[in-house]
Amino acid sequence: MADRPSRRASVKVEVVPSILSADAGRLADQVAEAERGGADRIQVDVMDGHFVPNLTFGPVVVEAVRRSTRLPIEAHLMVERPELFLEAFVKAGATLIEVQVEATTSLYRTVQTIRELGAGAGVAINPGTSVEDLREILPYVELVNVMTVEPGFGGQKFIPHSPEKIRRVRALSKDIEIEVDGGIDARTAPLVVAAGATVLVAGNSVYGYKGGIAAGIKAIRDALD
Ligand code: DX5
């Protein structure tokens, strides 16, 4: 398989609401409201209760999100052995699949399988995982998610050393999309973008925003202007 298609880093910073903090009883409306509010993508935080101490969504929820928006859908697989679930999430409508580098012993084959299934491939690294662990896989993925919290729950506190880690990832590749995930809001968004992030996952700061979803997305974008 040829290397990753060359991509210039997206100059436009993308805001990606994650549905972990959405009202699951009104998911279709909450997703549609995020789209109307200017979201660039939607992220589905998939958790298996093993890789992280929480249990969330399966492919059926990606199908529901797929029916509710025309936006690209990222499935962030915070699960052990993600290779077991790739086809199910692509068939459900995910346009990009993110796997944790810590969660599989066959990362290269997993990334190639995602791309052979026709989806975009991304990798995520936890706060305690070295940037060096990205070096070999980087040419084959279009996105790296630098987790800015320990994954498992929404509404956690942004880890302060994250911008320095983002800079080290950006130093490895000028054109890779660098996503950040966890504790991203109007205060932390400028810090991570200045360090080189181009894709901002935001759960609680959008779905928990007092002024509503669209206002939450706007607050992040305004903080970047
Ligand atoms: C991992 C989850 C969260 C979520 C965003 O814990 O994947 O990072 O997407 O959470 P917030 O934006 O609420 O910190």
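**View 1. Strands around the ligand.** Strand 2 (42-47) and strand 8 (199-202) each put at least two residues into the shell around the ligand; strands here are DSSP runs of E, at least two residues, and helices are runs of H or I, at least four residues, all numbered from the N terminus. Strand 2 is the top contributor to that shell, with 3 residues. Keep in mind that this is a predicted model: local features need pLDDT of at least 70, side-chain atom pairs count only at pLDDT 80 or more, and totals for chains, interfaces and linings use all residues. Numbering runs from 1 along each chain as its sequence is written, and side-chain values use heavy atoms, with hydrogens and water left out.

**View 2. Who sits next to the ligand.** There are 22 residues around the ligand, and Asp45, Asp181, Gly183, Gly203 and Asn204 come nearest (near means a heavy atom within 4 Å). Sorted by class, the shell has 9 nonpolar, 11 polar and 2 charged residues; Ala, Val, Leu, Ile, Met, Phe, Trp, Tyr, Cys and Pro count as nonpolar, Asp, Glu, Lys and Arg as charged, and the others, Gly among them, as polar.

**View 3. Polar contacts to ligand oxygens.** A polar contact is a pair of N or O atoms within 3.5 Å. The side chain of Asp45 has an N or O atom 2.6 Å from a ligand oxygen, and the side chain of Asp181 also places one 2.6 Å from a ligand oxygen. Gly155 uses a backbone N or O atom, 2.8 Å from an oxygen of the ligand. The protein covers 99% of the 370 Å² of accessible area that the ligand has on its own (Shrake-Rupley method, 1.4 Å probe).

**View 4. The Arg41 salt bridge.** Arg41 pairs with Glu14, their closest N and O atoms 2.7 Å apart; a salt bridge needs a side-chain nitrogen of Lys or Arg within 4 Å of a carboxyl oxygen of Asp or Glu. Arg41 is in the loop between helix 1 (27-36) and strand 2, and Glu14 is in strand 1 (residues 14-17), so the pair ties together parts 27 residues apart in sequence.

Key. Polar contact = N/O pair within 3.5 Å; in protein donor to acceptor, adjacent residues only side chain to side chain.
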